[in-house]
Each structure stands twice: as C-alpha cells, then as structure tokens.
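Open the model in your viewer and show it as a cartoon, with side chains available on demand. The stops below follow one another, each with something to select.

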Amino acid sequence: MAILPILEFPDPRLRTKAALIDAAEVTTPAFQELIDNMFHTMYEAPGIGLAASQVDVHKRFMVIDVSEEKDTPRVFINPEIVANEGGQVYQEGCLSVPGIFADVTRANQITVRFLDRQGVAQELTTDGVLAVCIQHEMDHLDGKLFIDYLSPLKREMVRKKLAKQRKHVA
C-alpha cells in the first residue's frame, strides 16, 4: 500500500467540489486499491478521517475509523446527510491544516445515506465523534474546511502560522 500526499491549506485544490462516483466504478480493482491507500495514509498520518479531496482525488467518498483500536474502517461513497438534529461544539483538527485545532459547532445526530465499499446502499444514524467526523469529511467533498467556520481574523492567523511552520521545515 502507498501513502498518498495530503494537500495542505491554502492549496486551492482543497476548494474543489468532488464529483459523484458512478456505482460501477466502486468495485473496480483500481478504486478498491485507492480506498486501501487512503486508509493506509489516514492511519499513518495519524487521523480518524480522510476525504478523497484531501489526496487530490475529486470524487465523493471518504474513509473513516474513529475506533480506539483502529479496527472499524468505514467507507462512505456519495454520502448525503438526510437528517440532523441538535448541536454540539467539538474541537476539530484536520490533516490538511496540521497542528491547528478550533471549536466548531456541528449537528449532534445525523442520518447519512451512502454506498459502502461494496457499492451497497446504506443508511446510518449516528452521533458523537462519528457524526462530527462524517460532517467534517463531507465538508471537504464540498471544498470547505473546518477553518471556514472561524472568523476571517482567526483564519488569517491560521494561514500565517502554517506559513511559518513550513518555513521552519524547509
């Protein structure tokens, strides 16, 4: 398995809206290998979710594993939130915005429809960390980042901090 390069803010490709995936593509060996590579990349980063947009693949799917043991991998293809309720503030981070964390308000409970790894239609109602992660990764598929929920001033501070971090690495 390969580790895929993760795009980092402010890369403009992170703002690309992902295209729906044809159901016939889901079971192809190339697509299944891409899913495996995304899980490998996410676990190595380490993270709990990774949208295809973050690895410069602009198709509507994401991989998630919020389990402590990293033994509950989930694939969401063409996800769509069909119901939500309540609200919660959760401190989020992102593999595309390394080292930055901020409070974001998200729905407390969601119902999401999607295709699983085998292309089978599913519906899941969930809450807590999994609900937050699904909403966060779905934002990526729409070209949105968690820092977009911040004020313009805070967003600019994040941009400067990341630029400074990159200077020290280079």
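Which residue in E3 is the bridge partner of Val-63? Select Val-63 and look across to E3: the partner is Val-75. Before going on, note that this is a predicted model, in which local features need pLDDT of at least 70, side-chain atom pairs count only at pLDDT 80 or more, and totals for chains, interfaces and linings use all residues. Residues are numbered from 1 along each chain as its sequence is written, and side-chain values use heavy atoms, with hydrogens and water left out.

**The sheet**

Select strand E2 (residues 61–64) together with E3; they pair in the antiparallel sense over four bridges. Helices (H or I, at least four residues) and strands (E, at least two) are DSSP runs, numbered from the N terminus. Two strands pair if DSSP finds at least two bridges between them. Another bridge to E3 starts at Met-62, whose partner there is Phe-76.

Now add E6, which pairs with E3 in the antiparallel sense over six bridges. Ala-83 has Thr-111 of E6 as its bridge partner.

Widen the selection to the whole open sheet: five strands in the order E1-E2-E3-E6-E7, with antiparallel pairing. At the edges are strand E1 (49–51) and strand E7 (121–127), each pairing on one side only. From one strand to the next the twist averages 40 degrees, where axes are lines fitted to C-alpha atoms, for helices over the stretch in contact, and angles run from 0 to 180 degrees between N-to-C directions.

**The aromatic pairs**

The structure holds three aromatic pairs; two are visited here. Rings of Phe, Tyr and Trp (its six-membered ring) pair if their centres lie within 6.5 Å; planes under 30 degrees apart count as stacked, over 60 as edge-to-face and the rest as tilted.

Select Phe-39 and Tyr-43, a stacked pair at 5.9 Å centre to centre with 20 degrees between the planes. Both lie in helix H2 (residues 29–44), four residues apart, about one turn of the helix. Phe-39 is buried, with a relative accessible area of 6%, whereas Tyr-43 is partly exposed at 26%. Buried means under 20% relative accessible area, exposed over 50%, partly exposed in between (1.4 Å probe, protein chains only).

Next select Phe-76 and Phe-114, a tilted pair: 4.5 Å centre to centre, 50 degrees between the planes. This pair links distant parts of the chain, with Phe-76 in strand E3 and Phe-114 in strand E6 (residues 109–115), 38 residues apart. Phe-76 is buried at 1% relative accessibility, and Phe-114 is buried at 11%.

**The pockets**

Keep Phe-39, Phe-76 and Phe-114 selected; they are among the residues that line the second largest pocket, as are Pro-73, Arg-74 and Val-75. A pocket is an open set of points on a 1 Å grid over the protein atoms alone, where a 1.4 Å probe fits, with protein on both sides within 12 Å along at least five of seven lines; lining residues have an atom within 4 Å of a point. This pocket holds about 160 Å³ of space, and strand E3 (residues 74–85) gives the largest share of the lining, three residues.

Last, select Ile-48, Glu-92, Gly-93, Cys-94 and His-136, the closest to the centre of the largest pocket among its 17 lining residues. Strand E4 (88–94) and helix H3 (128–141) each give two or more residues to that lining. About 310 Å³ of space lies in the largest pocket.

How values were computed:
Points joined across faces, edges and corners; volume = space filled by probe spheres on them.
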